[in-house]
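Here's a quick briefing to read alongside the fold. Have the viewer open and follow along, topic by topic.

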Amino acid sequence: MGSGTSHGVPVIGCDCPVCKSKDPHDKRYRASAFVTDGTHNIVIDTGPEFRMQALRQGIKTLDAVLMTHGHADHLHGLDDVRIFSSTKQNGVWHRQSSFFDSLLNRHGYGLKIFANPHTKKIIFNHFDYIFMHTQKGGGKPRIDLWNVNEFSEKNPLKIGTMSIIPVPMLHGKLPSTGYLFCEEADSKTHSIAYLTDLNYISEESVDIINRSKGQLDHLVVDALRIRGHSTHFNFDQALSLSEKLAPRHTWFTHLTHDLSHNDVQKYIDENLNKYPALEQIVKDGGSVSPAYDTLELTTKG
């Protein structure tokens with residue numbers, strides 16, 4: 001649903017060639033993804049453009065939201081999940097848990113939001129009105145906030161046919177959560193890994209993915225720009241991680257306006273020989289490319 005960095009692309013007030021580009025691949029909403037098994041629907045992160053992304057995607061129902069971390073470009077559209085969060089049973093609106101119930105992890109009714117403990121605290125602080133008894137009018141989301149760290153490789157989160165494994169990472173000093181989506185098809189496991197907003201991933205987390213992935217059809221990975229950054233992977237770090245995980249297809253996301261879509265692809269093609277295992281995957285029919293808004297990925301192939 002979005003492949004851009006925190007400013008989005010085009011950047012406000014910028015007249016660079018990428019921001020003025022007419023190529024739709026260079027129009028990048030803030031990083032987000034929509035995941036479905038055909039029946040159950042999940043969104044990863046609700047950034048400032050979530051409403052527009054959901055309209056463009058045609059999302060009619062939502063079963064869960066997975067949060068990577070609590071920065072504004074990934075969180076600040078959370079209020080717009082309210083259209084998905086008001087559910088009925090026997091004609092009676094479900095009651096949302098109070099602020100204190102939520103703190104005690106006593107789950108109330110509403111749309112399930114999964115986040116690590118640090119991100120849960122940010123949601124409580126930035127969206128405190130959601131958890132308080134306030135006046136009627138205006139509406140607010142009914143959410144059921146879960147600690148995603150309750151789930152693991154041995155105890156994955158199950159939504160529909162999907163088994164979802166949280167992957168611990170670091171975004172500077174901030175804990176960030178990646179996600180591995182696994183599904184059984186053709187008598188084997190197929191998977192997609194979504195790993196954005198990281199500058200460090202431990203070997204333990206790499207091993208979690210490699211033990212659980214089966215056939216890793218797609219890796220969507222943070223790749224901010226060519227130059228290094230204190231809280232994001234640059235292109236070469238993303239390529240190095242991809243070589244460790246050996247996906248059939250690799251997609252760079254969270255891209256800046258430094259380079260156009262075509263220039264990112266050119267960089268990848270010119271530097272792929274530094275990563276021989278990855279280069280062999282491409283020779284065998286795989287790919288390494290920049291992601292773009294409205295890109296659709298599928299497992300089982």
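Two residues are in contact here when they have heavy atoms within 4.5 Å of each other, and that is the sense in which the buried residues of α8 pack against α7 (235-245), β13 (249-253) and β14 (287-290). Keep in mind that this is a predicted model. The chain has nine helices and 14 strands. Its radius of gyration is 19 Å, close to the 19 Å that the globule rule gives for 301 residues, so the chain is as compact as a globular protein of that length.

**Overall picture**

- Measured out along the principal axes, the box is easy to picture: the C-alpha atoms of the chain fill roughly 60 × 50 × 35 Å.
- Of the 301 residues, 53% count as buried.
- Take the contacts in the chain with a separation of 6 or more: residues 24 or more positions apart account for 68% of them.

**The five-strand sheet**

- This is an open sheet with mixed pairing, and its strands come in the order β1-β2-β3-β6-β7.
- β1 (33-36) and β7 (143-147) stand at the edges with a single partner strand each, so one side of each has no neighbour in the sheet.
- Direction ignored, neighbouring strands of this sheet are turned by 25° against each other on average.
- β1 and β2 (residues 41-44) run antiparallel and are joined by four bridges.
- If you want a spot to click on, V35 stands opposite I42 in β2.
- Helix α5 (residues 117-126) packs on this sheet, where it touches β6 (111-115) and β7, and its direction makes about 150° with that of β7.

**The seven-strand sheet**

- The other open sheet also has mixed pairing, and runs β8-β9-β10-β11-β12-β13-β14.
- Its edge strands are β8 (157-159) and β14, each pairing on one side only.
- From one strand to the next, the twist averages 20°.
- β11 (residues 188-195) and β12 run parallel, with six bridges joining them.
- Within that pair, I192 has H218 in β12 as its bridge partner.
- α6 packs on this sheet and touches β9, β10 (174-185) and β11, with its direction at about 160° to that of β9.

**Helix α8 and its two sides**

- Which residues of helix α8 (residues 261-271) are buried? They are H261, V264, Q265, Y267, I268 and N271.
- These buried residues cover an arc of only 155° around the axis, which puts them on the same side of α8.
- The general background is that an α-helix has 3.6 residues a turn, so residues three or four places apart point the same way.
- Over on the other side of α8, N262, D269 and E270 are exposed.

**H171 and its surroundings**

- H171 is found in strand β9 (residues 162-171).
- Is H171 buried or exposed? Buried means under 20% relative accessible area, and H171 is at 4%, so it counts as buried.
- The side chains of H171 and H71 are joined by a polar contact of 3.3 Å.
- Leaving out residues up to four places away in sequence, H171 touches H69, H71, S176, D197, L198, N199, T231 and H232.

**G214 in its loop**

- G214 is in the loop between α6 (203-212) and β12 (215-222).
- With 47% relative accessibility, G214 counts as partly exposed.
- G214 and H190 are 24 residues apart in sequence, and their C-alpha atoms are 5.6 Å apart in space.

Key
Residues numbered from 1 in each chain as written. Predicted model: local features only at pLDDT ≥ 70, side-chain atom pairs only at ≥ 80, totals over all residues. Heavy atoms only, no water. Helix = DSSP H or I, 4+ residues; strand = E, 2+ residues; numbered from the N terminus. Buried < 20%, exposed > 50% of the residue type's maximum accessible area, 1.4 Å probe, protein only. Polar contact = N/O pair within 3.5 Å; in protein donor to acceptor, adjacent residues only side chain to side chain. Arc of directions from axis to C-beta. Pairing = 2+ DSSP bridges. Axes fitted to C-alpha atoms, helices over the stretch in contact; angles between N-to-C directions. Rg over C-alpha atoms; globule rule 2.2 N^0.38 Å.
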